[in-house]
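Student: Hey, can we go through this one together? I'd like to talk about rings and empty spaces.
Tutor: Sure, let's open it up.

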Amino acid sequence: KLFKYTFLLIICCSLLLILSNHKVDADTTNIYYISACAGETYETVGINYHCNNEGSYVIYGTDKNLVSFEKVMPTESVFSVEQSSTDSDTGFASRYVCKAELTNLKANTTYYYRVISGAEKSKIRSFKTAKQDTGKHDILFLADTQSANLSSFQRANKVIEMLKGKATNPELALIAGDIVDRGGYEAQWNAYFNGVTAFDDMLLTTVPGNHEYYHDNKPGYIDPSYYNQFFNNPQNGPEGRLNSSYYVKHDNILIIMLDIINREYIE
């Protein structure tokens, strides 16, 4: 009996490990980590996602069911990171990081979009562009969503949904760094994107914190290259910090996002 129960425990633990590494509630097997990032003005939005196949694209439009739509081909960059010999939680299998630019958008308009790769389609997401007026605006401001597992991000998601319910149609969410605990751990990015679904109908404005700079279980800083694989921000910042430092004009508000983790780049 002891052998029997030990064997069952090993099976259960193995199954739990498999499930923890699976992309929970991913859009499809080959399309994942989708984000919609605010552009420099309401006229542009940057879509970012990962895809295992070449040749994917984004469709978008004001039709909720996307019967009528525009098609955008993204730039595709192969991304992979070998697992560290001293930290088995590191490493990213090879995939395409895709960045699509939606342009000529209208102010105060809800747009719907989805990613398509062959016969696979992501779920339809949405965002609303800025109003272009000088009135009051509701913007969600967050920092340190920093977590390491799905359940923690799901708890954060409940708080974000509560804040959205108290606001008046918030159009934009701003995260001031430390989105995950280790930028070099894909499992944490997987947990973030699958756990925090409250942003599926909003635009994001984010910046890396020191934890996005961490490659492994050592405390040393690296650079924002991990962060840059997950967000498609305006390319209007300093050359050494494109995508991680930038600005956004949201109606009558100028939002400046600064990546100042490594001081050598700002002195």
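Tutor: Let's start with a definition. A charge sits over a ring if NZ of Lys or CZ of Arg is within 6 Å of the ring centre and within 35 degrees of the ring normal. Keep in mind that this is a predicted model.

Student: OK. Which residue lies over the face of Y57?
Tutor: That is K71. It is placed 4.2 Å from the ring centre.

Student: Now ring against ring. How many aromatic pairs does a search of the whole structure find?
Tutor: The search gives 18 aromatic pairs.

Student: Pick one. How are the rings of Y33 and F230 arranged?
Tutor: Their centres are 5.6 Å apart. The planes meet at 55 degrees, so this pair is tilted.

Student: Why tilted?
Tutor: Planes under 30 degrees apart count as stacked and over 60 as edge-to-face, so 55 degrees falls in the tilted class.

Student: Where do the two sit in the chain?
Tutor: Y33 is in strand β1, residues 31-38. F230 is in the loop between α5 and β13. They are 197 residues apart, so the pair links distant parts of the chain.

Student: Is Y33 buried or exposed? And what about F230, buried or exposed?
Tutor: Y33 is buried, at 4% relative accessibility. F230 is buried too, with a relative accessible area of 0%. The cut-off for buried is under 20%.

Student: Give me another pair.
Tutor: Take Y113 and F127. Their ring centres are 5.9 Å apart and the planes are at 45 degrees, so this pair is tilted. Y113 belongs to strand β7 and F127 to strand β9, so the pair ties together parts 14 residues apart in sequence. Y113 is buried at 2%, and F127 is buried at 1%.

Student: Which residues form one aromatic cluster?
Tutor: Among them are Y33 and F230 from before, plus W189, Y192 and F193. Y226, Y227 and F231 also belong to that cluster.

Student: New topic: holes. How many cavities of 30 Å³ or more turn up?
Tutor: The search of the whole structure finds 1. Its volume is about 90 Å³.

Student: Which residues are closest to its centre?
Tutor: A38, T41, Y42, L203 and H250. They belong to a lining of 13 residues.

Student: What gives the largest share of the lining?
Tutor: Strand β13, residues 246-250, gives 3 residues.

Student: And what is the lining like by class?
Tutor: It has 6 nonpolar, 5 polar and 2 charged residues.

Definitions and conventions:
Residues are numbered from 1 along each chain as its sequence is written. This is a predicted model: local features need pLDDT of at least 70, side-chain atom pairs count only at pLDDT 80 or more; totals for chains, interfaces and linings use all residues. Side-chain values use heavy atoms; hydrogens and water are left out. On a 1 Å grid over the protein atoms alone, a cavity is a set of points where a 1.4 Å probe fits but cannot get out, and a pocket is an open set with protein on both sides within 12 Å along at least five of seven lines; lining residues have an atom within 4 Å of a point. Grid points are joined across faces, edges and corners, and a volume is the space filled by probe spheres set on the points. Helices (H or I, at least four residues) and strands (E, at least two) are DSSP runs, numbered from the N terminus. Ala, Val, Leu, Ile, Met, Phe, Trp, Tyr, Cys and Pro count as nonpolar, Asp, Glu, Lys and Arg as charged, and the others, Gly among them, as polar. Rings of Phe, Tyr and Trp (its six-membered ring) pair if their centres lie within 6.5 Å; planes under 30 degrees apart count as stacked, over 60 as edge-to-face and the rest as tilted. Buried means under 20% relative accessible area, exposed over 50%, partly exposed in between (1.4 Å probe, protein chains only).
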